[in-house]
Amino acid sequence: MLPEPDPILCRALADDLRSAGFSGAALRDAWGVQADDAVPRGLRRPAERALGDRRDPLAVLGRLWVLGAAVAREDAAAALPRLGLDGAERLGLVTVAGDRVAPAVLLRPQPFADADGEVEWWIASDLDEAALGGPLPEDHVLGVGGASQTLAKLQLTWRGGTALDLGTGCGIQALRLRRLVSRVVATDISERALRFTRLNALLNGVDGIETRLGSLFEPVAGETFDRVASNPPFVITPRVAGVPAYEYRDGGLEGDALVASVIAGVGAHLEPGGVAQSLGNWEYREGESGLDRVRAWVDPSLDAWVVEREVLDPLAYAELWVRDGGTVPGTPAYSRLIDAWLDDFAQRGVTGVGFGYVLLRRPLAGAPTLARYERVAGGGESGFGPHLAACLENHDRAALLDDEGLASAVLRVAPDVTEARHHRPGEESPSVIELRQGGGFARTIEVDSAVAALVGASDGDLPVGALIDAIAQLLDVDAEELRADVLPRVRELIVTGFLAFADA
């Protein structure tokens, strides 16, 4: 078990890391961009080669805690003058044997940027497969992986008083939420994970994070929050003997029941106006869509926006997660685990597994106005949080307007929107007109000439109704009929971020 972190030792460690210049940028400079890109893929040899025989504190700590390699005792002691090797052992960060010091954890710089600026934290987590030289133990506490990066990029920029990080792991989401709220409750079923969370908060000088042990919403029974974030253990894993159940990814329930529990239960813990954001997997079964399954889990009193990013077939899904656990293709263990996954899926008639994002919100007053369940494959995730926040704000404003009110609104086309027209050879008029979004989900939608003209003319000057009247006259069609046809599509363009209110 990881020791309970000592605040004094954590401050000493932070001072040593600063003195060593232990940052992501410094490490990239030390071993080069290619080697730096290889480290998250488990390839540490290029970085080791680049460091050569360097014995300065940055190189020593980089070998020890980023690459997960043993270093000379003399070098480690010189790199940690304030903490000392005894302090590093007491924090559970190293093991000392003879003249060698081996890492007991990984400790890596993690940059993050939001509306308040850029920050870089030091994040401790368990040793990975490359450092262990084999499969992970079942109580492994994961560092900052792809899923946690995705959830962070999805987070709305809205502030609040309190937040819940459900299934905190190493605590990275709690640190990020703390920049938006004054108090965070971080929960997990793993005491080891909670100790990593406390260690990382102390190491980075972040207060206001309270950790609680327990499953799902049990540790916060009767409490409500302004923000909830959850990267739950959503991986669908066979519940049979011989299949490892990793705490960081496997929820211990059959199929997608863990994700269903998170989605169905979070509404009871949202303040009015409160927002919950999570990742998840959901099953497609014979005759049943995965998105329809998610819709059935959602509390009908909540606003919901569910975005499915991809669907994997059962074999591809099994291969992904068997490899993730460190089992090597071509081995008997790999074949046995693949069979267990496929048998599990066959028993429930699973034809595919969807992955996506779930955003739920408790309306401030009245009934919910948003229920979007969609498949969107585009976008690079980098600006999803601000994009979602802007889309929700525009949706809320548009939802208060009837058609007459919307016709009186003045809109402006988003700056990342472009138009593409496709012509058949020899034809003057386009056969297809597309609007393309450069940011957000990078949507491409096909529109007719009337909507294209309205979007093109939405420069923040004239109201929507006046533009429709002018377009109707230009196209020689009835203005009222055109208004009835175009206004619902204008609402959709507002919600998806193609158009925005000019005075926003």
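**Two strand residues, one helix, and the cysteines**

Let me start with a pair. The side chains of glutamate 434 and histidine 422 are joined by a polar contact of 3.1 Å. Keep in mind that this is a predicted model.

Where does glutamate 434 sit? It is in strand 16, residues 432-437. Is glutamate 434 buried or exposed? Its relative accessible area is 18%, so glutamate 434 counts as buried, given a cut-off of under 20%. What does it touch? Setting aside residues up to four places away in sequence, glutamate 434 touches Thr418, Glu419, Ala420, His422, Thr444, Ile445 and Glu446. So His422, the polar partner, is also on the contact list of glutamate 434.

Stay on that strand. Glutamine 437 is found in strand 16 too. Glutamine 437 is buried, at a relative accessible area of 4%. What does its side chain reach? At 2.7 Å from the side chain of glutamine 437 is the backbone oxygen of threonine 496. Neighbours within four places in sequence left aside, glutamine 437 contacts His387, Asp416, Ala442, Arg443, Thr496, Gly497 and Phe498.

Next, helix 19. This helix covers residues 464-475, twelve in number. At 1.5 Å a residue, helix 19 should span 16 Å. The C-alpha atoms at its ends are 16 Å apart, so the two agree.

Which residues of helix 19 are buried? They are Val464, Gly465, Leu467, Ile468, Ile471 and Ala472. They cover an arc of only 160° around the axis, so they lie on the same side of helix 19. The general point: an α-helix has 3.6 residues a turn, so residues three or four places apart point the same way.

What do the buried residues of helix 19 pack against? Three helices are named: helix 17 (403-408), helix 18 (449-457) and helix 20 (479-495). Strand 14 (410-413) and strand 18 (459-463) are packing partners as well. Now turn the helix over. On the face turned away from the buried side of helix 19 are the exposed residues Gln473 and Leu474. Just after helix 19, aspartate 476 takes a positive phi of about 60°.

Last, the cysteines. How many disulfides does the structure hold? Zero. Why does cysteine 10 have no bond? The closest cysteine sulfur, in cysteine 170, is 15 Å from the sulfur of cysteine 10, too far for a bond. The cut-off for a disulfide is 2.5 Å. Cysteine 10 is buried, with a relative accessible area of 0%. Cysteine 391 is buried as well, at 3%.

Note on methods: Residues are numbered from 1 along each chain as its sequence is written. This is a predicted model: local features need pLDDT of at least 70, side-chain atom pairs count only at pLDDT 80 or more; totals for chains, interfaces and linings use all residues. Side-chain values use heavy atoms; hydrogens and water are left out. Buried means under 20% relative accessible area, exposed over 50%, partly exposed in between (1.4 Å probe, protein chains only). Helices (H or I, at least four residues) and strands (E, at least two) are DSSP runs, numbered from the N terminus. A polar contact is a pair of N or O atoms within 3.5 Å; within protein, one must be able to donate a hydrogen and the other to accept it, and residues adjacent in sequence count only if both atoms are side-chain atoms. Contact means heavy atoms within 4.5 Å. The expected span of a helix is 1.5 Å times one less than its number of residues. The arc is that of the directions from the helix axis to the C-beta atoms.
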